[in-house]
Amino acid sequence: MLKRVLQALLLLLAGAAVGLALHTSLTRGDTMFAGKQPTNLGLHDGRFAPCRRTPNCVSSQADPADVVHYIAPIPFKGAPVEAMAAVRRAVDSMPRATVIRHDPDYLYAQFRSRLLGFVDDVEFAYDEKAGVIQVRSASRLGRGDLGVNRARIEAIRALVLRRISA
């Protein structure tokens, strides 16, 4: 009896895995894991939306004492257009990235995970007075992100800084 129940569960899980794989491979554009684009994107009084309590968001505008959410801004000296051009080149060089909005001092991009199409919303804003590019990267769905948002921003930081020193 137990053996049959375990076999049934195994078949059910295998069927679910096959269904997800088919859905992902046959769906162009949004998958069921894409989530909805947040309505609070952009700058509001010079600030990004705060991160939710979940550990799948990083922001340079979070409290520096918040080790889960805070990430340092990207230092940049120059005109806003130059800053956003450097960010745009970095984002464009990364896999599964789509720039949605590119203004002289703001850039919004979406990054899609390879396997299931989870979407992360990533924002950049140049603060010319402080000489930094403020950043925010957040997953739409789920709780954790295995450090993907932090790693992405650090990769973009390295690309932007490399272009500055070149």
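Two exercises with worked solutions follow, on the nonpolar core and on the largest pocket.

The model is predicted, so local features need pLDDT of at least 70 and side-chain atom pairs count only at pLDDT 80 or more, while totals for chains, interfaces and linings use all residues. Residues are numbered from 1 along each chain as its sequence is written, and side-chain values use heavy atoms, with hydrogens and water left out.

**Exercise 1.** Describe the largest nonpolar core and the elements that give residues to it.

*Solution.* Start from the term: a nonpolar core is a set of buried Ala, Val, Leu, Ile, Met, Phe, Trp, Tyr and Cys residues joined through side-chain atoms within 4.5 Å, where buried means under 20% relative accessible area (1.4 Å probe, protein chains only). The largest such core has 24 residues, and Val 91, Phe 124, Ile 133, Ile 156 and Val 160 have the most contacts inside it. Next, two or more residues each come from helix H2 (80-92), strands E4 (106-112), E5 (119-127) and E6 (132-139), and helix H3 (148-165), with H2 giving the largest share, six residues; helices (H or I, at least four residues) and strands (E, at least two) are DSSP runs, numbered from the N terminus.

**Exercise 2.** Characterise the lining of the largest pocket by class.

*Solution.* Lining residues have an atom within 4 Å of a point of the pocket, an open set on a 1 Å grid over the protein atoms alone, where a 1.4 Å probe fits, with protein on both sides within 12 Å along at least five of seven lines. The lining has 19 residues, of which Ser 113, Phe 118, Asp 120, Val 148 and Arg 152 lie nearest the centre, and E4, E5 and H3 each give two or more. By class, eight are nonpolar, four polar and seven charged, counting Ala, Val, Leu, Ile, Met, Phe, Trp, Tyr, Cys and Pro as nonpolar, Asp, Glu, Lys and Arg as charged, and the others, Gly among them, as polar.

How values were computed
Buried means under 20% relative accessible area, exposed over 50%, partly exposed in between (1.4 Å probe, protein chains only).
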